Every structure is written in structure tokens, then in C-alpha cells.
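Biologist: Thanks for sitting down with me. Could you walk me through this model one piece at a time?

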Amino acid sequence: MESTAGGLQRKLTLVLIIVTSILIVALAFVSVMMGPAEISPGQALAIIADSLRHGVSTDGAYSASQAYIVMNLRLPRILSALVAGAVLAVSGAVFQSVFRNPMADPYVLGISSGASFGVALASLGGMIPAWAGSWGLPVSAWLGAMATAVLIMFLAGGGGWSKTSLLLTGVAMNYLLSAAITLLMYLNQEHLDRVLFWTLGSFGSSDWTKLSVMAAFAVVTCVPLLSMHRELDMMLLDETTATSSGLSTRAWRMLLLAIATASVASVVSFCGVIGFIGLMAPHLVRMTIGPGHKRLLPCSMIVGAFLMLLSDTLARTVMGTTELPVGVVTSIAGAPLFIILLRHTISRRRR
Amino acid sequence: MTHPTQESNAVRFNHLSGGYGTKVLFHDVRLDIPAGRFTSIIGPNGAGKSTLLKYLVKVLLPQTGTVYIADHDVSTLRQRLLARHVAMVAQNGTSDYEFTVFDSVAMGRYAHIKRFSSLTKEDRDSIEYALEATGIRTMRDKLITELSGGEAQRVLLARALCQDTDVIALDEPINHLDPFHQRDIMRLLRQLVDRNGLTVICVLHALDAVQVFSDHVVLMHEGRIVATVTPRQVLTPRSLKETYRIDVHEVTDPATGATLLLPTW
């Protein structure tokens, strides 16, 4: 038999999916038990099983407050982290392919900051009408993110989409938006913690309502993106080859970025800005199973979900009762990877 | 290489003008490319050869004038539909992403595949044919990043082939290849014309290959078509002196007896 890189990619895909899924279930179980209130594995299982049957505990294995903590605090939080991780990973993968740049990521390019600025501005400025309900935040985040994305396209497109001009534009956007957000904080000191929440990222306020809106957004954005795996593959070709093969590259680039931006914005509006998951997850997957999006996107979702749950579990347990912002944990892990990718890209260009 | 008296045209450039931004590169270019023939486009750097091909596949739109392919106006065809008429092997078309040869070639089927459906039997047959015709069937599971220059060029050609078009345009397909692989690719293209009736439009710099392999030659200079007929009629010491600013001398190939023009170094 000939050595088959393709066969290896297919086998590794299966291994990756199975192993990560097992890890997610195990980690979710550990995460349910961990926290200030002690809950044993048996209690956790009993609480979840009873809730699924809509039953009330009869044998007194756990207290009502323990049931409340599991069902209304920890479980929605765990699920939110999983959904957010999956969405950020997919959108990161899409950004990297559309820009043909392994370092492109909504966080690095300032699009997450744009979303958080949009949501902070709209909610502090009282611009969200009451009828918008739970949808007001994601929509204002989407507007902020979209405006940022359009600006980046406009500014970096002029530089011929080069890797450096794109990243530098992102840096500039981040500077600009962080100044704008600081200004908002300065003007609204009584709501400082709310603005901080959006800039640092946290799953601390997760509940079932927010989770369901976020999950709805995730389905609406991620399902189309998963179906566009062929277009994304062809985004990795040079423009002449992709176009002459039948892809209207300009139109698809816009569409893919719009959907990916919308998905990021919905996550930011509920959990704030959490960086580097969109960089780490696709990168790990690409190294293992190759660049083909039919497998890359779903695998990135699973890996992103796992990384986010791991980060959030660490964030709320590693310092005892003090909770760290989850964005701090993901940045500590992700920033070094960004530097490695940067060095790799620079050395490649010198060759 | 016989020429029937009545030839149909695969591609027609009609009164084409255009360029990049305000810089006008083409002025009223008129050019017919016969179907089922090997047409080479030659000319010095900057003559507009690659740009002409970009108009054909609608990567660029001309300012005025029309490009016709199989009697369709290219500007009114949707990109997917156009891709069923003409395929292109671009310059620097290799990707540095680790796709397998099979997956890379299969991208040529994009214009034929419906959304939400996987490769049909027709798609697979087409891919297998392209892999076979370009001699890379045994490499299907290799990563394209691990291929040599000649192999990578075959993958690009296979991708264009499985697009299942009547016309294939190639932009300098044998640049960066050693003499063996240059000959290899040129013979393959010639075969596709002779056996499958494909129309090949090929931007080339190697004048010897142009003389040996092509039926028609289009000589371009500063956005104009200088001459277009058979290699013998187009390639003359005078035309090459005027366009390329090189001197050539005639030699007789001892193997075939054909007269060839060799540049004087």
C-alpha cells in the first residue's frame, strides 16, 4: 500500500470526534460538581435525571438549593460555554479561510470588540426598544460587529488583502474600539461592571432564556456555514482559479463574512468578548485532519466547545471562590499560539 | 495538422478595450479562436496575454466590447455557467494548504455539484478520467504540498479537465518546469486536442514549444494583436525582432526536418 495522507486524515477525523466528545461529557460532569456548593456525582446525576422526568426528589438525596444550583446556574452555564465555543471556533475558521490568513480571527481583527462596543453603546444609551426583548442585545452587537467588519474590508482591501495590512488594520480597529469603550465606561461609571462584562467575557450570567436565544442564533448561522464547505475550500485557492472554477469570489466572500460576523456578534452580546478560541480550535483541527472544510468546520465546533468549557471551568475554580474572567484564561492560552503563528508566517515569507 | 476550410470559433473577442483602472491596456482587440485547435498566445512581458485570459473567465470585465464563448456573451453568463464552458489553469495556481490530490482535483467539479449533495457518479467518473488523463491516479491520496513542480502542474490541469469544458485556457503552464516536464505537459495538451477535440488556449514563452505544438499562434504586443495564423506565418525573424526585440536564426531540426527559429543569445 502507498502511504495515504488522505486516508490518515479521514481516520484522524473519527478519532478526533470521538475523543473530544468523550472529553466534553467527562468535563461537563466534573464541571457540574465543581464550585462553592459541594455536589457529589450521584447528586448531580439524580438532579438532572429527576428534572428530565419533571419529577421532584422523593428520597431526599439532594436539597432544593442544590437542585437549583445545578439546574439554573451550572447547567445553563456549561451549555452556554459549549455553544459559544463552537460558534467562535466556526467563525474563526471561516475568517481564516476567507482572508487566507491563519491569524485572522474575529477577536484579533477587532470584530468582537466592535460587537461589544455596539451592545454597550446601545444598552447604556437606552437605544434598545422594550419590544426587542432578548433579541435587542444580539442585534445591536451585530450592527457594531458589521460596521467594524465593513471598515476592515474597506481599509485592508485597499492593501490587496495582504496578511500584514489585514492584521495591522485589526490592531488599529482594536485601539479605536478600546478607546471608545473606555470612553463609555468613563461616561457611565455607575454601570462600569456591565461594560467590563462585555469587554472581558463571562458566562456568569447564563440562564436558560439567554442560552436558548444564543443557541437559536448559533443554529441559524452555523448550519448555513457548514453547508458552504465547498465555497470555503475554494476560498483557499488563488482568485483566478476559484473564479474560473465557477465561484463568484467577491459575492461569496461578503456573504461568508456577514454570516460569520453575525454568529460572533450573537455570542459577544451574551457572553462578552472572549478571545483566541476562534484561533486555537481551527488551528488544532487543521494540523490534525487537514484544511478541507467539510470536516474542519464540525471538528472545530467540537474542539472549540471543549476548549471553552475547559477555560470557563478553570476560570471559576482555579482561584477558589474568586472568579476569573474567562477571556483572561483563553488569552493566556491563545496569545502564545498567536505569536507562534506570526513567527511561522514571517519565516515562511523570508524563504 | 490539417486545417478544414470551414472552422467554427470557440471563443471570440469582439472590439475589446480595457485595462487596469484608468490605464488602458487594450484598444479594440478583435480575435477569433478556432474550436478544437491548439492556440498559443505569445508576446513580450506586459503585452496583455494573461489579461486577455482573465476577460475570458470573467475575472476581469472589459470596459467596452464583448467576449463570446460558444456564442454566449461572457458578461451575461453566471460564473457557474461560464465555468461549464471554459476552465483555466492559472499562473501560481498551486495552493499551500494540505489538500489531497483527489480533493484538490474534485474542486474542479464545483460548477456541476448541487448544494447539499455529495459527489455523484458522474462527478466521480469525471474526476477519475482527469486523474487518469494526467497520469496522477496513483497520487490521489498524497498531499499537494508534497508534490514536485511537474506533479503540481498536472494536478492543476486535472482540476481544469474535470470541469468538463470544451475550452481550457492555460497561463504559462510550463514555466518553472524542467525540460522533461515541459515536454510532458505540452504532449498531454496536444493529446487532449487531437483525441478529445478540446480547444486549448495557452499563453507560452517557450518559442520552440510554440512552433512544435500549436496549430495557431497569436502574437501580442502592447495590448494589440500583431499577427494570428499558423506558427510558420506568425513567427518570422521580422515579427520577433519587432515585438521581442530579439534576433533569431533558422535551423533545421535533424530529427523531424522541420524548420525552427532559435533566438540568438
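Modeller: Happy to. Keep in mind that this is a predicted model. Let's begin with chain B.

Biologist: What percentage of the residues of chain B count as buried?
Modeller: Here a residue is called buried if 20 or more other C-beta atoms lie within 10 Å of its own. Chain B has 265 residues, and the part of them that counts as buried is 44%.

Biologist: How many helices and how many strands does chain B have, and what is its radius of gyration?
Modeller: Chain B contains nine helices and twelve strands. For 265 residues the globule rule gives 18 Å, and chain B comes close to that, so it is as compact as a globular protein of that length. Its C-alpha atoms fill a box of roughly 55 × 45 × 40 Å along the principal axes. The radius of gyration of chain B is 19 Å.

Biologist: Which percentage of contacts in chain B between residues at least 6 apart in sequence joins residues at least 24 apart?
Modeller: We set aside pairs that are less than 6 apart in sequence and look at the remaining contacts in chain B. Among these, the share that joins residues at least 24 apart is 64%.

Biologist: On to chain A. How many helices does it have?
Modeller: From the N terminus on, the elements of chain A run α-α-α-α-α-α-α-α-α-α-α-α-α-α. There are zero strands in chain A, and the number of helices is 14.

Biologist: Why is chain A called as compact as a globular protein of its length, and what is its radius of gyration?
Modeller: The globule rule gives 20 Å for 351 residues, and chain A is close to that, so the description fits. Buried residues make up 48% of chain A, and its C-alpha atoms fill a box of roughly 70 × 65 × 35 Å along the principal axes. The radius of gyration of chain A is 21 Å.

Biologist: Are α12(A) and α13(A) parallel or oblique to each other?
Modeller: The axes of α12 (residues 277–289) and α13 (residues 293–317) of chain A come within 8 Å and cross at roughly 130°. The crossing is right-handed. Their contact has twelve nonpolar, two polar and two charged residues, with A:L284 and A:V285 of α12(A) and A:V303 and A:L307 of α13(A) among them. Given that angle, the two helices are therefore oblique.

Biologist: How are α3(A) and α12(A) oriented to each other?
Modeller: The axes of α3 (residues 64–98) of chain A and α12(A) come within 7 Å and cross at roughly 75°. Residues including A:L88 and A:F95 in α3(A) meet residues of α12(A), A:I277 and A:L279 among them. By class, this contact has eight nonpolar, five polar and no charged residues. The two helices are therefore roughly perpendicular.

Biologist: Which helix supplies the largest share of the side of chain A that touches chain B?
Modeller: The contact takes 24 residues from chain A and 31 residues from chain B. On the side of chain A, α1 (5–33), α9 (229–235) and α10 (239–244) each supply at least two residues. By class, that side has six nonpolar, 13 polar and five charged residues. The largest share, five residues, comes from α10(A).

Biologist: One last residue: is A:I332 buried or partly exposed?
Modeller: A:I332 lies in helix α14 (residues 326–350) of chain A. Being buried would take 20 or more other C-beta atoms within 10 Å. A:I332 has 13 such atoms, so it is partly exposed.

Notes. Residues are numbered from 1 along each chain as its sequence is written. Chains are lettered from A and ligands numbered from 1 in the order in which they are written. This is a predicted model: local features need pLDDT of at least 70, side-chain atom pairs count only at pLDDT 80 or more; totals for chains, interfaces and linings use all residues. Two residues are in contact if their C-beta atoms, placed from the backbone, lie within 7 Å. Helices (H or I, at least four residues) and strands (E, at least two) are DSSP runs, numbered from the N terminus. Ala, Val, Leu, Ile, Met, Phe, Trp, Tyr, Cys and Pro count as nonpolar, Asp, Glu, Lys and Arg as charged, and the others, Gly among them, as polar. Axes are lines fitted to C-alpha atoms, for helices over the stretch in contact, and angles run from 0 to 180 degrees between N-to-C directions. Angles under 35 degrees count as roughly parallel, over 145 as roughly antiparallel, 65 to 115 as roughly perpendicular and the rest as oblique. A crossing is left-handed if the near helix is turned anticlockwise from the far one by less than a right angle, and right-handed if clockwise. The radius of gyration is taken over C-alpha atoms; the globule rule is 2.2 Å times the number of residues to the power 0.38. A residue is buried if 20 or more other C-beta atoms lie within 10 Å of its own, exposed if 12 or fewer, and partly exposed in between; C-beta atoms are placed from the backbone.
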